[in-house]
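This briefing walks through one protein chain, moving from its overall make-up to individual residues that merit a closer look. Please keep the sequence and the structure at hand while reading.

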Amino acid sequence: IGTISPLTWSSTLGNPDISSTFVSNFMEVFPTLVDGAITLVPVDSGFLRGDVSGDGSVNALLDTLFLLEWTFSVGADPPCLDAADINDDGEVNALVDGLQLLAWGFNSGSAPPAPGPDACGDDETGDAVDCAAILACG
């Protein structure tokens, strides 16, 4: 997975050479030069469970509101349904998942399962719920 963009390289940017770092969708990517083009490949993959909006962070109240708006067809689709599957049961249910996220956010419930809300990672369970986009993973 990557985006290919034309690029003109200059060797006059300093001595010693200066390495290039690019940021795309809030994620650091490293360029690979091939025939005058670069391919940008995200360094981190995965998601934060609970980051329903896909903004790179988990806010229990805001992400629950995003989930409810989507459920009742008044908001945008979550970019990663896996992140919205708060209890990792293979289904996204606004009431069940939203209540669990709120309980965790207000310190009365357990943290969402791996990868959790604090560390970017992949889903450890095999289910039909997946991510449709590469996310900003905090």
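The structure is a predicted model, and among its features is a cysteine, C131, that is partly exposed at a relative accessible area of 26%. C131 is joined to C80 by a disulfide, with an S to S distance of 1.8 Å. The pair is taken up in full below, after a survey of the chain.

**Overall make-up**

- The secondary structure of the protein chain amounts to four strands and three helices, and these elements follow one another from the N terminus in the order β-β-β-β-α-α-α.
- The protein chain has 138 residues, of which 30% count as buried.
- About 8,300 Å² of the protein chain is exposed, and 56% of this area is supplied by carbon and sulfur atoms.
- When contacts with a separation of 6 or more are considered, 61% of those in the protein chain are between residues 24 or more positions apart.

**The disulfide**

- A search of the whole structure finds one disulfide, and the residues that it joins are C80 and C131.
- This pair links distant parts of the chain, 51 residues apart: C80 is in the loop between α1 (60-71) and α2 (81-84), while C131 belongs to the segment after α3 (94-105).
- The two cysteines can also be described by their accessibility: C80 counts as buried at 1% relative accessibility, whereas C131, with a relative accessible area of 26%, is partly exposed.

**The largest nonpolar core**

- Eight residues make up the largest nonpolar core, namely V52, A60, F66, L67, A84, I86, A94 and L101.
- Two or more residues of this core are given by each of the elements α1 and α3, and α1 provides the largest share, with three residues.
- A84, one of the core residues, is in contact with V52, L67, V92 and D97 once its neighbours within four places in sequence are left aside.

**A buried aspartate in α1**

- D63 lies in helix α1, and this aspartate is buried yet has no salt bridge.
- The nearest side chain of opposite charge to D63 is that of R49, which is 13 Å away; a salt bridge would need a side-chain nitrogen of Lys or Arg within 4 Å of a carboxyl oxygen, so the pair does not qualify.
- Not counting residues up to four places away in sequence, D63 touches G50, D51, V52, S53, S57, V58 and L101; V52 and L101 are also members of the largest nonpolar core.

**The loop between α2 and α3**

- D88 is placed in the loop between α2 and α3, and this residue has a positive phi of about 55° although it is not a glycine; with a relative accessible area of 14%, D88 is buried.
- D89 is found in the loop between α2 and α3 and is partly exposed, its relative accessible area being 45%.
- The C-alpha atoms of D89 and G126 are 10.0 Å apart in space, with their positions 37 residues apart in sequence.
- N93 also lies in the loop between α2 and α3, and at a relative accessible area of 34% this asparagine is partly exposed.
- Leaving aside neighbours within four places in sequence, N93 is in contact with L67 and G98; of these, L67 is a member of the largest nonpolar core.
- From C-alpha to C-alpha, N93 is 9.2 Å from L68, a residue 25 residues apart from N93 in sequence.

**The segment after α3**

- N107 is placed in the segment after α3 and has a phi near 65°, a positive value in a residue other than glycine; N107 counts as exposed at 73% relative accessibility.
- P115 is likewise in the segment after α3, and the peptide bond that joins A114 to P115 is cis, with an omega of about 10°.
- C131, the partner of C80 in the disulfide, is also in the segment after α3.

Key
Residues are numbered from 1 along each chain as its sequence is written. This is a predicted model: local features need pLDDT of at least 70, side-chain atom pairs count only at pLDDT 80 or more; totals for chains, interfaces and linings use all residues. Side-chain values use heavy atoms; hydrogens and water are left out. A disulfide is a pair of cysteine sulfur atoms within 2.5 Å. Buried means under 20% relative accessible area, exposed over 50%, partly exposed in between (1.4 Å probe, protein chains only). A nonpolar core is a set of buried Ala, Val, Leu, Ile, Met, Phe, Trp, Tyr and Cys residues joined through side-chain atoms within 4.5 Å. Contact means heavy atoms within 4.5 Å. Lys and Arg count as positive and Asp and Glu as negative; His and the chain ends are not counted. Accessible areas come from the Shrake-Rupley method with a 1.4 Å probe; for residues, only the protein chains shown count as cover.
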